[in-house]
Amino acid sequence: MSSESNETASLQRSGFVVRKERLYGRLIAACAVLTIVVTVGIILALSGRALSFWSQISPIAYFTGTSWSPVIAQNYGVLPLISGTLIVTVCSAVIALPIGLAAAVYLSEYASDKARSILKPSLEILAGVPTVIYGYMALVYITPAFKGVFPSLRTFNALSASIVVGIMIIPMVSSISEDALSAVPDSLRQGGYGLGSTKFDVSTKIVVPSATSGIVASYVLAISRAIGETMAVTMAMGMSPQMPYFPDLFRNLAESGQTITAAMVQIANADSLGTGPTYEAMFALGMTLFAITLTMNVFAELVRRRFREEY
Amino acid sequence: MATEESTSDGLGRSTALRLQHLKGRLFEVALVAATLVGIVSLLALFAQISIDAFQPGSASPTWFLVYLGTLVAPTAAFTLYARRRPAVRETNAKAFAAVFGGLLLSFVTYAVVDSLSPYDVFTYVFFTSLPPAIVVAYDRTTDDRTFTGPAIPASIVVGLAVAALLYDVVRGPIGIAAEWIMYFGLVTVPAALLIGTLTASRRGRRSGVVAGGSVIVGGLAVAVASIVTGTNAAFPVVLFSAFVVPTGYVLWRSVRTDPEGRVGVAGPFVLLGGTLLGAAVVGQFGIQNPDTFLTPTLLLESWDGLRANNAGVYPQIVGSIIIVGFMAVLAFPVGIGAAIYLEEYAPDSGLRGRLATLLEINISNLAGVPSVVYGLLGLALFRRTLGFGTGIVFSAAGTLGLLILPIVIVSTQEALRAVPDALRQGSYGMGASRWQTLREVVLPEAIPGTLTGTILALARAIGETAPLVIIAVATTKYSPPSGLFSSATALPLQIFAASANAKPEFRHGVVPAAAVVLLILMLLMNATAIVIRNKYGREH
């Protein structure tokens, strides 16, 4: 009698344990599915208001207009903002891509273990510094310093904004490229040395070419980060959207401008919260930005997956 | 003839070799330069910003000499001494972490609880910790623990609900008690329990009760002493329980158990003593102090847009800490849960395997979404859909939580991946279920890695500005947030807003000082993460 009831109790208990385990599994699966909900939420949040914006302002006028002046002239042409974003992106890429790759080659091929253990975290700090502080340093220290060299530089200019954005994306290039370089099998290096190559030749003609896809992925991700960068460009580059100057290319750097992200911050900072096409333009800009960066990230992920399969 | 030819050939080859060697050297130098250029330029900018914040140029040379004698020289001598002795060095590092960690803990606890109202915090903490405490106590008395595991989180939820229901009834009577009693319950009692349990596990139950009891008695004594001398007892009680007690315990144990390294305990006191002695000498002889902007005013007052010497960022600092703390509560359980699912539960193949791959791709894309876009998401979600007020703590924490979710997931996944499979197999072999294996074997192994990743995520979140601007968090407020649904402000927002102020005492004074405070917060978090990684990272 008593043993029977014991058995029932233990059966009940093990049934409870099974259900408990299943519940825990479902709970954490729900956590994981939440990330999909976030993506869907972003798309819904952006598209609802962006579509409402594009029903008032025609998409053709938005994508081909050459003047962005939402409050004063009701002009919603995105080209000046794209031009500002491009100037900063190209210029910071010119700084960060070669430096980041060189740092990756050094860390992966040349550095001793001790040097690497110090340099890697220090490089990561570059990406960890809050971007407001980068923006402040660009505005208050870099611009005055460069003004001595280039007197035509404005108080708000694309040059110092690009420099700080370049500095902050170096670690993105260096860490992902370094992973790709370290993934190159040692046998390839040994083969190179066996044929009588120097370390220089092995690094530049064997290791770097073998890791091309990883390096390309790191470049794309870094550029995508530069496109989405907000505070530094808002503070250092100013709020005056400009179409690019031709043929005086340097003038593009010396003048102030406005990026897509800075325009969003400007609208959010204004008091007219909640209604009107200007407010909805912020979501249209967000949608544009999201589309650009998403495309680049997916592209980088595809390139990266290919290189993972190679070895 | 033949010999001549071969020598000239040899010469040519050696020149070519030398050139090649030179090329290799130059290449290496260029690589080193490229690696260093970003770091060096950032250091130069940091130096600029700290010079502006600290204004060393305004101090008299004697000031530097005094502090060189009292602070720099003794600390340097002690560090050099400790460097050569590994035991001393380790104890020294531990003592530094204990002393400054304890100090930081007391200040942060006091500031946060003070701004949220100690009575409210006490009410909620009391009601949410009592039911799980009862469950744990029951757990100790019984052999059958099948039901107690899930009962703990359930009881916390029940406690929270009870607190919310009874709040209006209970808050009045609790409000009669003195403020320090709330802090006593919030800080001293947990400290006493912690010390008591630790001592009991080492030296038996009786010593544990004695140790815990003496912490309680000490806390009461501190309270009585400050009431007798006429000061507010709240902060002394917090300082005693969150700094003196835990730091004293760590240091006392080092001295007792580690005869070789016990000298290292003196390290932080050389530093603190040197600072105090220097300040005393400077005050005594009337030596010119620097006109620094890193003053107690900056840390303890609220913002003043007109007079730089009155401007402070206390509400901003506390706001940032509360936002980031609540963000951690919201985001970390979800992020860690998602990582556990992807690493430990999700199958590799079939429909669910495909779902897992989709989730992975989605997470890496989310990590690349610009932070302004998260601001728009927060705006749409918290303001339009849930109808929350503008710029409240909850919206800010929720928005930042969504932003750091992918970072938390990826770093936790890496930590889980680093746990060797043999441990899991061993646990399964002994008949443990999946959840038991996870809780008892995998998670404890993965804690250091997870901690590193989550602290880095916190450091990222504390500097985030753009999403907060988009969801319209106020830039300047004159008091810290009083609750999770009260409006807040954050330190980076104040820096953004004040960067437009062109007055030199702001542009080259208060704003750099605020930036230094933000940088110190961020670097402290990064350093903690790196220390944890280096300490536990080499085990596998």
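The following paragraphs describe the chains, domains, interface and cores of a predicted model.

In chain B of this predicted model, the secondary structure comprises 19 helices and 0 strands, and the C-alpha atoms occupy a box of roughly 110 × 75 × 60 Å when taken along the principal axes. Of the 540 residues in chain B, 38% are buried. Among the contacts in chain B with a separation of 6 or more, 76% are accounted for by residues 24 or more positions apart.

The domain assignment divides chain B into domain 1 (2–54), domain 2 (61–116 + 178–291) and domain 3 (308–539), with domain 2 of chain B thus described by two sequence segments, 61–116 and 178–291. The C-alpha centres of domain 2 of chain B and domain 3 of chain B are 29 Å apart, and the contact between them draws on 5 residues from domain 2 of chain B and 7 residues from domain 3 of chain B. On the side of domain 2 of chain B that touches domain 3 of chain B, 4 residues are nonpolar and 1 is polar, whereas no charged residues are found there.

For chain A, the assignment gives domain 1 (2–56) and domain 2 (60–307), whose centres, taken over C-alpha atoms, are separated by 38 Å. Contact between the two involves 9 residues of domain 1 of chain A and 9 residues of domain 2 of chain A; on the side of domain 1 of chain A that touches domain 2 of chain A, the residues divide by class into 5 nonpolar, 3 polar and 1 charged.

Between the chains, the contact takes 70 residues from chain A and 69 residues from chain B. The element that gives the most to the side of chain A that touches chain B is helix 1 (residues 2–56) of chain A, with 21 residues. By class, this side of chain A has 49 nonpolar, 16 polar and 5 charged residues.

Helix 3 of chain A spans residues 79–110 and has 32 residues, reaching 44 Å from its first C-alpha to its last, which is close to the 46 Å expected at 1.5 Å a residue. A bend of about 30 degrees is nevertheless found in helix 3 of chain A at A:Ala93. Helix 3 of chain A is also mostly covered, in that 25 of its 32 residues are buried.

The largest nonpolar core has 199 residues, and those with the most contacts inside this core are A:Ala138, A:Val164, A:Val173 and B:Ile323. Helix 11 (residues 314–345) of chain B gives the most to this core, with 18 residues. When residues up to four places away in sequence are not counted, B:Ile323 touches B:Val393, B:Ala396, B:Ala397, B:Leu400, B:Ala488 and B:Ala490. A second, separate core has 26 residues, including B:Trp180, B:Tyr183, B:Leu186 and B:Ala233.

In chain A, A:Tyr134 is placed in helix 5 (residues 131–147). A:Tyr134 counts as buried because 28 C-beta neighbours lie inside 10 Å, where 20 or more are required. With neighbours within four places in sequence left aside, A:Tyr134 is in contact with A:Val129, A:Val164, A:Met168 and A:Ala232, and among these partners A:Val164 is also one of the residues with the most contacts inside the largest nonpolar core. A:Tyr134 and A:Met231, although 97 residues apart in sequence, are 8.2 Å apart in space, C-alpha to C-alpha.

Conventions. Residues numbered from 1 in each chain as written. Chains lettered and ligands numbered in written order. Predicted model: local features only at pLDDT ≥ 70, side-chain atom pairs only at ≥ 80, totals over all residues. Helix = DSSP H or I, 4+ residues; strand = E, 2+ residues; numbered from the N terminus. Expected span 1.5 Å × (residues − 1). Bend = angle between axes of the 7 residues up to and from the residue. Buried ≥ 20, exposed ≤ 12 C-beta atoms within 10 Å, placed from the backbone. Domains from an automatic or database assignment. Nonpolar A, V, L, I, M, F, W, Y, C, P; charged D, E, K, R; others polar. Core = buried A, V, L, I, M, F, W, Y, C linked by C-beta atoms within 7 Å.
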